[in-house]
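Please open the model in your viewer and keep the sequence panel beside it. The stops below say what to select next and what is there.

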Amino acid sequence: MKILLNRQIDRDFVGGIYLTALGDLPALERIEPVDYEGPLLVPLQIGSVPLSMQVRTGQCVSRGDLLARAADYCLYAPRPARIAGTQQVRTEGIRPCEALVLDPLPDCQRFDQTDPAGPADAPEGAAEGVFPAQASHPAVWRQIEEAGIVSIETAEGLGQRLRHLEQREEIRTVIANATPLEPMLNAPLALLHQWNEQVFAGLAILKTWLAAQDAILAYPHDFALDTRPAHIWQVRCVPVSEKYPQGRAGSVLRTLEKMKQLPQRQRRKRSAVVFSIQLLRQVERAVLAGQKPLERVVTVCGDGVAHPGHFLAPLGLPVGVLLRQAGIHPDTQCVVEDSSLTGSAIDPDAAVVGPCTEALIAIRRARQDPCQPCIRCGWCIDDCPAQIDPVRLLHWAQTGQYQRARRGGVHACIECGICSYICPSRLRIMEHIQMIKRKLREGQRSDA
């Protein structure tokens, strides 16, 4: 199959923010495990951070054994396997990185597939949704740090992010984000439908350890949510009716402020923090069940697949396996990771499921409009919900003026993609804004 990549297509693939042309929505009632017996290719890099191998070629590992690590990241074996060496993998726009090749073991040689560490004892009172002071014991805190949980929005290790939050001013509100970035990408709602108590418990854990005063779940107003577990875990459930754009942390904060659920001063003081649903479930599993994040729930959707759905996939699974399980059509022109407006087109024959993989969109009709010079129409400025100047940020990105972009408000961008969508010159403004943020994060890490 010949797949179009970023350099060949325009980011607005089908024309329309509401994505009505991209087929059926994935059903919330099914999260299907992927039955795959071939080799896994587990990337030895998260974001721009390379990981150091902790195993050797030929070694047999059990499920949950440490494969690689860096200062703030840990990577574990998603299943029993034999280390067959390394191989390069890549996605469009990202330099190739090394991946560990994990060959399946014959049935007669398989290890016990349970986590070798065994389930952790839940802190006293956890069943009732109450975390006493001893729950923040350093040993349990290390359990969070070493679990290998990664934030999808920043590719930052959760332990590192929590340390940053502790070092800044007081956190008053923790927020669970169950609002899909786009209607097609409803994996947060599928996770909430299947494992709502685990999500609430994960939020309660972070609320306790960050000494926050309030916990909020933001979810679409038309979603039938069972709120009984939320009361047990002392989480406020707030239905939101905002149309796209939604889904990003900044957009959720802005919506809750407009609804008077958050004082406006909280956002200015950075005293509220947003976590994804998948991350919160991983926190609950790590702390209360002793399980490491060895799998991802990945949405596969778009008009390029016959059976859109949510799939429980092990890390390192070739993306092509997921697409075939969803029934990819032979005339599919493009596969996009993350969002149809702001995501990246990938080569499914070279890409694998990683710690930040959330969604794959298969598209049959990809536009190929070339970019033109900016005509200074100002549409991106007029329609920007964050009230910043996107085209100026584009110029600073193209000229490498990242600190100037920081002062110019790049972090206020909620990454909705409207600027790229409405631009008559088809400029990839959103792609460059994301690049600025990535460069600024890399600069902060190098300074640290």
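## The whole chain

The protein chain has 13 helices and 21 strands, where helices (H or I, at least four residues) and strands (E, at least two) are DSSP runs numbered from the N terminus. This is a predicted model, in which local features need pLDDT of at least 70 and side-chain atom pairs count only at pLDDT 80 or more, while totals for chains, interfaces and linings use all residues. Residues are numbered from 1 along each chain as its sequence is written, and side-chain values use heavy atoms, with hydrogens and water left out.

Colour the chain by pLDDT, the predictor's confidence in each residue, from 0 to 100. The mean for the protein chain is 83, and 82% of its residues reach 70 or more. Select residues 11-20, where the pLDDT is below 50 and where the model has 33 contacts beyond near neighbours in sequence; a contact means heavy atoms within 4.5 Å. Then select residues 111-121, over which pLDDT stays under 50 and for which the model has 26 contacts beyond four places in sequence. Where pLDDT is low, the predicted coordinates should not be read in detail.

Returning to the whole chain, 55% of its 448 residues count as buried, a term that means under 20% relative accessible area, with exposed meaning over 50% and partly exposed in between (1.4 Å probe, protein chains only). Among contacts between residues at least 6 apart in sequence, 71% join residues at least 24 apart.

## Helix α5 and its two ends

Select helix α5, residues 249-258, which is largely enclosed by the rest of the structure because seven of its 10 residues are buried. Show the side chains of A249, S251, V252, L253, T255, L256 and E257, which are the buried residues of α5.

Next, select R248, which lies in the loop between β15 (236-240) and α5. R248 is buried, with a relative accessible area of 12%. Leaving aside residues up to four places away in sequence, R248 touches E153, N177, L181, D338, T342, I414, E415 and Q434. A distance to draw here is that between the C-alpha atoms of R248 and T179, which are 69 residues apart along the chain and separated by 8.4 Å.

At the other end, just after α5, select K260, which is found in the loop between α5 and α6 (264-268). K260 is not a glycine, yet it has a positive phi of about 65 degrees. With a relative accessibility of 67%, K260 counts as exposed.

Another residue to select for its backbone is A211, in the loop between α3 and β14 (214-220). A211 also is not a glycine and has a positive phi, of about 55 degrees, and it is exposed, with a relative accessible area of 51%.

## Strand β11 and the loop before it

Select E146, found in the loop between α1 (138-145) and β11. E146 counts as partly exposed at 41% relative accessibility, and it touches C74 and Y76, not counting residues up to four places away in sequence. The C-alpha atoms of E146 and L158, 12 residues apart along the chain, are separated by 9.2 Å.

Move on to S151, which lies in strand β11 (residues 150-151). Is S151 buried or exposed? At 6% relative accessibility, S151 counts as buried, and outside residues up to four places away in sequence it touches E156, R161, L279 and C356.

## Cysteines

With a disulfide taken as a pair of cysteine sulfur atoms within 2.5 Å, the count comes to zero disulfides. Select C423, which is in no disulfide; the nearest cysteine sulfur, that of C377, is 6.3 Å away. C423 is buried, with a relative accessible area of 8%, and C419 is also buried, at 9%.

## The largest cavity

For the last stop, select I152, P188, G247, S276 and E358, which are the closest to the centre of the largest cavity among the 27 residues that line it. The elements that give two or more residues to this lining are α3 (187-209), β16 (272-276), α7 (277-288) and β17 (295-301).

Definitions and conventions: On a 1 Å grid over the protein atoms alone, a cavity is a set of points where a 1.4 Å probe fits but cannot get out, and a pocket is an open set with protein on both sides within 12 Å along at least five of seven lines; lining residues have an atom within 4 Å of a point.
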